[in-house]
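Here is a colleague's note on the model you asked about. Please read it with the coordinates open.

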Amino acid sequence: MTLQQAMTMSRFSYGAKLTPDETDGGWVVTFRDLPEAITQGDDVEGALREADDCLEEAIAARIDDKRDIPVPSSLVQGEYGVCLPIQTALKASLYLAMKEAKLSQVQLAEILGLDEKEVRRILDPEHGTKLPTIERALKALGQQISLTVISELG
């Protein structure tokens with residue numbers, strides 16, 4: 001997947017399937033595009049809250065392990081759209097831009113005039129990076145942030 005493909009699709013919103021857990025009750029949540037992402041909840045609302053966290057952890061693990069981040073498949077009937085939190089989505093976008101440019105963390109650090117440890121922190125999904133820092137790193141790779149807000153009410 002190229003960064004261009006990632007940015008032209010409904011990026012970082014993945015379909016979650018909820019299946020009743022016949023043994024223990026509640027709901028099991030799985031993501032078609034991320035087979036490692038499995039969680040559960042006692043009811044639909046709780047399962048979807050857990051799905052948010054599970055998706056974020058799966059994408060964070062892929063960044064940490066330097067693995068591909070799949071392009072989300074289109075939703076199919078019965079799936080719920082689950083979106084990454086914005087900061088994780090931005091860090092994933094930077095990660096994808098670096099992969100596409102075949103740029104190492106050391107090389108990006110040189111471009112930004114930063115220590116390589118700082119670039120590691122920028123990419124770390126667990127580290128609270130300020131938006132202007134991520135924006136600057138993306139801009140250095142020829143990217144800009146564009147925001148779309150979608151109403152869940154209708």
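The points below run from the whole chain to single residues and then to one pocket.

1. **Status and layout.** This is a predicted model. The chain has six helices and four strands. Along the sequence, the order is α-β-β-β-α-β-α-α-α-α.

2. **Size and surface.** Taken along the principal axes, the C-alpha atoms fill a box of roughly 55 × 30 × 25 Å. The accessible surface of the chain is about 9,400 Å². Carbon and sulfur atoms hold 50% of that surface. Of the 154 residues, 37% count as buried.

3. **Contact range.** Take the contacts in the chain with a separation of 6 or more. Residues 24 or more positions apart account for 61% of them. For one pair across the model, look at leucine 96 and glutamate 22: they are 74 residues apart along the chain, and their C-alpha atoms are separated by 39 Å. Leucine 96 belongs to helix α3. Its relative accessibility is 7%, so leucine 96 counts as buried.

4. **The β2-β3 hairpin.** β2 covers residues 27-31 and β3 covers residues 34-41. The two strands pair in the antiparallel sense, over five bridges. They form a hairpin, with two residues between them. Within this pairing, threonine 30 of the chain stands opposite isoleucine 38 in β3.

5. **Valine 29.** Is valine 29 buried or exposed? Valine 29 counts as buried because its relative accessibility is 0%. Valine 29 lies in strand β2. Leaving out residues up to four places away in sequence, valine 29 touches Ala16, Lys17, Leu18, Ala37, Ile38, Thr39, Gln40, Ala47 and Ala51. Two of the names to check on screen are Ala47 and Ala51, since α2 spans 44-64 and the valine sits in β2. A further pair to check is valine 29 and cysteine 54: they are 25 residues apart in sequence, with 9.1 Å from C-alpha to C-alpha.6. **Arginine 62.** This residue is charged by type, yet arginine 62 counts as buried, because its relative accessibility is 9% and the cut-off for buried is under 20%. Arginine 62 has its place in helix α2. Which residues does arginine 62 contact, leaving aside its neighbours within four places in sequence? They are Asp33, Leu34, Pro35, Glu36, Arg67, Asp68, Ile69, Pro70 and Tyr95. Leu34, Pro35 and Glu36 are among these contacts, and β3 runs over residues 34-41.

7. **Two positive phi values.** Most residues other than glycine have a negative phi. Phenylalanine 12 has a positive phi, near 70°. Lysine 102 also has a positive phi, of about 55°, although it is not a glycine. Check both in the backbone plot.

8. **Where those two sit.** Phenylalanine 12 is in the loop between α1 (3-8) and β1 (13-20). At 6% relative accessibility, phenylalanine 12 counts as buried. Lysine 102 is in the loop between α3 and α4 (105-112). Lysine 102 has a relative accessible area of 73%, so it is exposed.

9. **The second largest pocket: volume and source.** About 300 Å³ of space lies in the second largest pocket. Which helices each supply at least two residues of its lining? They are α2 (44-64), α3 (86-101) and α5 (116-123). The largest share, three residues, comes from α3.

10. **The second largest pocket: lining.** The lining residues are Ile63, Asp64, Lys66, Tyr95, Met98, Lys99, Leu103, Ser104, Gln105, Arg120, Leu123 and Asp124. By type, they divide into five nonpolar, two polar and five charged. Tyr95 is on this list, and Tyr95 is also one of the contacts of arginine 62.

11. **Arginine 120.** Arginine 120 is one of the residues that line the second largest pocket. It is found in helix α5. Its relative accessibility is 43%, so arginine 120 counts as partly exposed. Arginine 120 and alanine 109 are 11 residues apart in sequence, and their C-alpha atoms are 9.1 Å apart in space.

Methods. Residues numbered from 1 in each chain as written. Predicted model: local features only at pLDDT ≥ 70, side-chain atom pairs only at ≥ 80, totals over all residues. Heavy atoms only, no water. 1 Å grid on protein atoms, 1.4 Å probe; cavity = no way out; pocket = protein on both sides within 12 Å on 5 of 7 lines; lining within 4 Å. Points joined across faces, edges and corners; volume = space filled by probe spheres on them. Buried < 20%, exposed > 50% of the residue type's maximum accessible area, 1.4 Å probe, protein only. Contact = heavy atoms within 4.5 Å. Areas by Shrake-Rupley, 256 points an atom, 1.4 Å probe, with all protein chains shown as cover. Pairing = 2+ DSSP bridges.
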